[in-house]
Amino acid sequence: MAILFENLVFGPIHSRRLGNSLGVNLMPTIGKICTFNCVYCECGWNPEHRSENAHIATPEEYETTLESALRELVGTPREPDSITFSGNGEPTLHPDFPEIIDITLRLRDKYIPKAVVSVLTNGTRIHDERIFNALKKVDNNICKLDGGSLDTINKIDQPNVNINLEQYICDLQRFDSQVIIQTLFLRGSHGGNVIDNTTEEEIDLWLSHLKKIKPRKTMIYVIDRETPEKNLEKLSGKEMAEIAGKVKKTGLNVEFYA
């Protein structure tokens, strides 16, 4: 069963990666808008959750909602460690994303200055200078890289926009190491195609991209929730530790979640 977030601001919930995380869903609360249609997405397939006519919050609505939530949480055991943009699709698709980031940073500084602001993004809009500059302002800009080859990335992420992998790596380099790369490792099949980003060839290509990007951190993880494609395999902790070890040998910082 797909999980759709029903509120603009939700939680806090416990995150494996970000601690006590106050979620932000900039996409419609009754549907999903995304440039990817990932085989592992907890929100389900894009066509099943169309939302063309659904309401997207204005910056003013967002500011009111976030400020109300922070006032309620500040000084309590539920005070967030992170304000985290995720939700029903790709957050950078919101037409006022840069303004919303500025609002978030201002309210964070006012109410919970020790918290970080995190954005989980598939990276398909970092070529847009407005989006790139907004992401440079946040504490954790967490960009997706789900494989070493474009073929594998297309099979896993199923983008509905054209992906130029070489250009994407160049765009990630522009963050000057102030970027976090996230990769979900899996094996399985979809639509008659074998999917596997864990082969030696794929991991070698993936590592070559990391060496160019020089991310501040790489987060690798496994399937943790129900997926729309059922023919997927969750990797073991031992396998994830081995992949993390290969990252460490390059001198890069890595965290794995199994």
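Start by selecting four strands: β1 (9–15), β2 (19–24), β4 (116–121) and β6 (180–184), each of which gives at least two residues to the lining of the largest pocket. What you have open is a predicted model, so take this as a tour of a prediction.

**Stop 1: the largest pocket**

Keep β1 highlighted for a moment. This strand provides the largest share of the lining, four residues. Now show R17, E42, S86, L120 and R225 as sticks; among the 36 residues that line the largest pocket, these five lie nearest its centre. The space inside comes to about 890 Å³.

Next, try colouring the lining by residue type. How many of its residues are nonpolar, polar and charged? You should find 16 nonpolar, twelve polar and eight charged residues around the largest pocket.

**Stop 2: the second largest pocket**

Clear the selection and pick two helices, α4 (150–157) and α5 (165–173). Each of these helices supplies at least two residues to the lining of the second largest pocket. Which of the elements gives the largest share of this lining? That is α5, with four residues.

To find the middle of the second largest pocket, select G123, T124, N162, I163 and Y168, which lie nearest its centre out of 22 lining residues. About 290 Å³ of space lies here. Colour this lining by type as well, and the residues divide into nine nonpolar, eight polar and five charged.

**Stop 3: a three-stranded sheet**

Now move on to the strands β8, β7 and β10. In that order they form an open sheet, with antiparallel pairing. Look at the two edges, where you will find β8 (193–196) and β10 (232–234). Why is one side of each left without a neighbour in the sheet? Each of these edge strands has a single partner strand, so its other side has no neighbouring strand there. Turn the view to follow the twist, which averages 10° from one strand to the next.

Zoom in on β7 (residues 186–190) and its partner β10: three bridges join this antiparallel pair. For a landmark, label G188 and L232, since the two residues stand opposite each other, with L232 belonging to β10.

**Last stop: a helix on the sheet**

Bring back α4, the helix you selected at the second stop. Here α4 packs on the sheet and touches both β7 and β8. Compare directions as you rotate: that of α4 makes about 105° with that of β8. With α4 still selected, recall that this helix also supplies at least two residues to the lining of the second largest pocket.

Technical notes
Residues numbered from 1 in each chain as written. Predicted model: local features only at pLDDT ≥ 70, side-chain atom pairs only at ≥ 80, totals over all residues. Heavy atoms only, no water. 1 Å grid on protein atoms, 1.4 Å probe; cavity = no way out; pocket = protein on both sides within 12 Å on 5 of 7 lines; lining within 4 Å. Points joined across faces, edges and corners; volume = space filled by probe spheres on them. Nonpolar A, V, L, I, M, F, W, Y, C, P; charged D, E, K, R; others polar. Pairing = 2+ DSSP bridges. Axes fitted to C-alpha atoms, helices over the stretch in contact; angles between N-to-C directions. Contact = heavy atoms within 4.5 Å.
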